[in-house]
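Hi everyone, thanks for making time. Let's put the model up on the screen and walk through it together.

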Amino acid sequence: MIWLLRHGDAEREGDENARRLTERGEREAEVAGRVLAALGIRIDITLSSPKARALDTARIVCAQLGIDHDPTDALGGGDFDAEELAG
């Protein structure tokens, strides 16, 4: 099964790659992680965009699940090649 999670609320201004989560976005990510953990969801691998808001979201969610996350440029925008993710 594939779980997709969009980043939490992020700053509206600034460099597209550097916009961080707001306090609200951090809370949203923490709740998402707690819910996944409470549901007993088992995650084998977690990939995230290298953009700051995605990294922040992945870090917070994965901390709730006790797992690591793996940023990948393949999810950074632009052309998407699913085979690149399969490595």
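A quick word on terms first: helices (H or I, at least four residues) and strands (E, at least two) are DSSP runs, numbered from the N terminus. What we have here is a predicted model, where local features need pLDDT of at least 70, side-chain atom pairs count only at pLDDT 80 or more, and totals for chains, interfaces and linings use all residues. Residues are numbered from 1 along each chain as its sequence is written, and side-chain values use heavy atoms, with hydrogens and water left out.

Let's begin with Val35, which lies in helix H1. Val35 is partly exposed (between 20% and 50% relative accessible area, 1.4 Å probe, protein chains only), at 43%. Its C-alpha atom is separated by 9.0 Å from that of Gln64, 29 residues apart along the chain.

Now for the largest pocket, with a volume of about 920 Å³. A pocket is an open set of points on a 1 Å grid over the protein atoms alone, where a 1.4 Å probe fits, with protein on both sides within 12 Å along at least five of seven lines; lining residues have an atom within 4 Å of a point. The volume is the space filled by probe spheres set on the points, which are joined across faces, edges and corners.

Which residues are the closest to the centre of this pocket? Of the 27 that line it, they are Trp3, Leu4, Leu5, Thr46 and Leu47. Helix H1 (23-38), strand S1 (47-48) and helix H2 (52-65) each supply at least two lining residues, and H2 gives the most, with six.
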